[in-house]
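Please open the model in your viewer and keep the sequence panel beside it. The tour below moves from one selection to the next, and at each stop it says what is to be found there.

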Amino acid sequence: AIMELLCLQGVKVFLSLGSCGSIQEDLAIGNIVLPLTALSEEGTSDHYPLKDGPASADPELTDYLARSLAEEGLNFRAGRIWTTDAPFRETREKIQSYASQGILAVDMEASALMTVAAFRDLSFAGLMVVSDELRPEKHIFGFNSPELTEGLTNAAKTIMKVLQ
């Protein structure tokens, strides 16, 4: 909704900062994720039909973010995200299946933002920081951890650098 309202005001470029739950064993709390594409299991994307298939993040913006992260010496992972608007339905079976497909993490908005941006001919990219780890055997929470705070700070600084 906010993207739509800002689009009406003439905004054409969107950068976001959010959090995500890791579904890969080697992606830990505080790690930075650069979403390139997203598997949609949320309701918004269906209302924005795209001619060219599923949306992705803007390649030019993601390249700027990747270069800025690298220039700062920050480790990150770029790849596919799983978006769901039903956070308590992240079943063990889905986690294992999507992890085996190489999906990095789960969030609640990436696919919707990518889809709305594609539908409205806007540029969108963002960074996410791992806030929790969804493992088949347990869920590890890091919402109040110094690792998450550091990751969010580094990601925010990177986004600010790209905006300059």
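The stops below take in a helix, the loops around it, a strand, a pair of helices and the cysteines. Please keep in mind throughout that this is a predicted model.

**Stop one: helix 4**

Begin by selecting residues 110-119, which form helix 4. How many of the ten residues of helix 4 are buried? Seven of them are, so helix 4 is largely enclosed by the rest of the structure. To see which they are, colour Ala110, Ser111, Ala112, Met114, Thr115, Val116 and Ala117, the buried residues of this helix. If you then show the surroundings, you will find these buried residues packing against helix 1, strand 2 (32-41), strand 3 (76-84), strand 4 (105-107) and strand 5 (123-134).

Within helix 4, pick out Thr115, which counts as buried because its relative accessibility is 7%, under the 20% cut-off. Leaving aside neighbours within four places in sequence, Thr115 is in contact with Ser45, Tyr48, Leu50 and Ala55, and it is worth displaying these side by side with Thr115 before moving on.

**Stop two: the loop after helix 4**

Next, select Asp121, which follows helix 4 and lies in the loop between helix 4 and strand 5. Its backbone deserves a look, since the phi of Asp121 is near 55°, a positive value in a residue other than glycine. Is Asp121 buried or exposed? With a relative accessible area of 68%, Asp121 is exposed.

**Stop three: Lys12**

Now turn to Lys12, in the loop between helix 1 (2-8) and strand 1 (13-22), where this residue is partly exposed, with a relative accessible area of 48%. Add Phe124 to the selection: Lys12 and Phe124 are 112 residues apart in sequence, while their C-alpha atoms are 8.6 Å apart in space. Not counting residues up to four places away in sequence, Lys12 touches Leu122 and Ser123.

**Stop four: Gly126 in strand 5**

Move along to Gly126, which lies in strand 5 and is buried, with a relative accessible area of 5%. Which residues does Gly126 touch, if those up to four places away in sequence are not counted? They are Ser16, Val33, Leu34, Pro35 and Leu65. You can also draw a C-alpha to C-alpha distance from Gly126 to Ala110, which are 16 residues apart in sequence and 8.4 Å apart in space.

**Stop five: helix 2 against helix 5**

Select residues 59-71 and residues 146-163, which are helix 2 and helix 5, and turn the view until both axes can be seen: they pack at an angle of about 120°, with the axes 9 Å apart. Helix 2 and helix 5 are therefore oblique to each other, and helix 2 passes helix 5 in a right-handed crossing. From helix 2 the contact is made by Tyr64, Leu65, Ser68, Leu69 and Glu71, and from helix 5 by Thr158, Ile159, Lys161 and Val162. Sorted by character, the residues of this contact divide into five nonpolar, two polar and two charged.

**Stop six: the cysteines**

Finally, select Cys7 and Cys20, where Cys7 is buried with a relative accessible area of 16% and Cys20 is buried with one of 1%. How many disulfides are counted when the sulfur atoms of a pair must lie within 2.5 Å? By this rule the count is zero.

Definitions and conventions: Residues numbered from 1 in each chain as written. Predicted model: local features only at pLDDT ≥ 70, side-chain atom pairs only at ≥ 80, totals over all residues. Heavy atoms only, no water. Axes fitted to C-alpha atoms, helices over the stretch in contact; angles between N-to-C directions. Helix = DSSP H or I, 4+ residues; strand = E, 2+ residues; numbered from the N terminus. Parallel < 35°, antiparallel > 145°, perpendicular 65-115°, else oblique. Left-handed = near helix turned anticlockwise from the far one by under 90°. Contact = heavy atoms within 4.5 Å. Nonpolar A, V, L, I, M, F, W, Y, C, P; charged D, E, K, R; others polar. Disulfide = S-S within 2.5 Å. Buried < 20%, exposed > 50% of the residue type's maximum accessible area, 1.4 Å probe, protein only.
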